[in-house]
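The following exercises concern side-chain geometry and burial. Please work through each task before reading its solution.

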Amino acid sequence: MKYNVLTAAILSSGFAFFASSANAAMVTDGHGNVGYDSYEECVTAVRDGSAKFYTPYTYQNPKRQAGEATVGKMRLSEVMIPQSVVNNNNLPTSNYSAGACDLGVGQANGRYGVSGDLVGKYIPIAADMPVNVYMDSAGNPVRLSMQQCDNHFGGKFPTPIVGEVAAPEAQLAIAEARSVEPVMIETTRVIRPTSYRVKEVILVPENQVKSINTARGDAIAIENSANDTVIVGKKADADVINNIAVTQSYPVIDLSDDADSDNQQRSMNSDDTEYMIIE
């Protein structure tokens, strides 16, 4: 049998992914279990359906080691590999959804591994194999073993098989028939009158007139005798002022100190300047 030069490194870490042999072959032990010369050959056999998954043939109760507080029972596919183990061993996956191809090792710590014929070979482990999950006091998994026989794997966690990633579906270029049609957009315009009509006139001392900034623009406010400020309208722009036609009578409200209490009707000429226009 050709000696695999990666065996020493594999035994120290418990994981390996790329071992190769010029004379690769499958080995079968006396119990019908099989092993392959390399991890890649084992994975290929699992994926093409030719692999025979490992079957335990002895029986042992779980045996905790130092630092292990509890033992749980799961299927291998239900176990999530701790992230620290993934990082330390550069594993490309943290689960066993596709099973494992693990390096076969012999007896250690009072428990068996695999038969002598399979030591140093890569053993296909089914995703549904029942396993013992040894956990620390915080409930984190720290080691796995085969549930029926408590046989240990090549490391604390068997080497997972990376599930095959489905290739994306081909994208087809679809020729679309397009037509360009003119779109009529209706707009609403505000048409201002060419001349403006006076609604009422307020006579008020200049010091009582205030200009106030509002969200809708400048507004004109008047302070009355009680020092209350009342907004009476928007400030007219120059275009409105220049297009006022004063040709009619309108109410005049006099807020000066000497004004009468009653409003008067009077007619004003366009030349008059002492008034405020309210639209």
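**Exercise 1.** Determine whether Cys42 and Cys101 are buried or exposed, and assign the handedness of the disulfide that they form.

*Solution.* In this predicted model, Cys42 and Cys101 are both buried. The next step is the bond itself: Cys42 is joined to Cys101 by a disulfide with an S to S distance of 2.1 Å, which satisfies the cut-off of 2.5 Å. The structure contains one disulfide. The torsion about the S-S bond of Cys42 and Cys101 is about -85 degrees, so the disulfide is left-handed. As to location, Cys42 belongs to helix H2 and Cys101 to strand E4, and the pair links distant parts of the chain, 59 residues apart.

**Exercise 2.** Search the whole structure for aromatic pairs and classify the geometry of the rings of Tyr39 and Tyr122.

*Solution.* A search of the whole structure yields one aromatic pair. The ring centres of Tyr39 and Tyr122 are 6.4 Å apart and the planes stand at 75 degrees, so the pair is edge-to-face. The criteria applied here are centres within 6.5 Å and, for the edge-to-face class, planes over 60 degrees apart. Placing the residues comes next: Tyr39 is in helix H2 (residues 39–48) and Tyr122 in strand E5 (residues 122–125), so the pair ties together parts that are 83 residues apart in sequence. Finally, Tyr39 and Tyr122 are buried.

**Exercise 3.** Describe the surroundings of Asp150, giving the side chains with which the side chain of Asp150 makes polar contacts.

*Solution.* First, locate the residue: Asp150 occurs in the loop between strand E7 (141–146) and strand E8 (196–197). Second, assess burial: the relative accessibility of Asp150 is 1%, so Asp150 counts as buried, the limit being under 20%. Third, identify polar contacts: the side chain of Asp150 meets that of Asn132 at 3.3 Å and that of Arg111 at 2.7 Å. Fourth, consider contacts beyond four places in sequence: Asp150 touches several residues, including Gln60, Lys63, Tyr134 and Ser145.

**Exercise 4.** Locate Arg111, decide whether Arg111 is buried or exposed, and list the residues in contact with Arg111.

*Solution.* Arg111 is situated in the loop between strand E4 (100–103) and E5. With a relative accessible area of 14%, Arg111 is buried. Setting aside neighbours within four places in sequence, Arg111 contacts Gln60, Asn61, Pro62, Lys63, Cys149, Asp150 and His152. Of these contacts, Cys149 is buried, at 0% relative accessibility.

**Exercise 5.** Where does the charged end of Arg143 sit?

*Solution.* The charged end of Arg143 is placed over the ring of Tyr134, 3.9 Å from the ring centre.

Key: Residues are numbered from 1 along each chain as its sequence is written. This is a predicted model: local features need pLDDT of at least 70, side-chain atom pairs count only at pLDDT 80 or more; totals for chains, interfaces and linings use all residues. Side-chain values use heavy atoms; hydrogens and water are left out. Rings of Phe, Tyr and Trp (its six-membered ring) pair if their centres lie within 6.5 Å; planes under 30 degrees apart count as stacked, over 60 as edge-to-face and the rest as tilted. Helices (H or I, at least four residues) and strands (E, at least two) are DSSP runs, numbered from the N terminus. Buried means under 20% relative accessible area, exposed over 50%, partly exposed in between (1.4 Å probe, protein chains only). A charge sits over a ring if NZ of Lys or CZ of Arg is within 6 Å of the ring centre and within 35 degrees of the ring normal. A polar contact is a pair of N or O atoms within 3.5 Å; within protein, one must be able to donate a hydrogen and the other to accept it, and residues adjacent in sequence count only if both atoms are side-chain atoms. Contact means heavy atoms within 4.5 Å.
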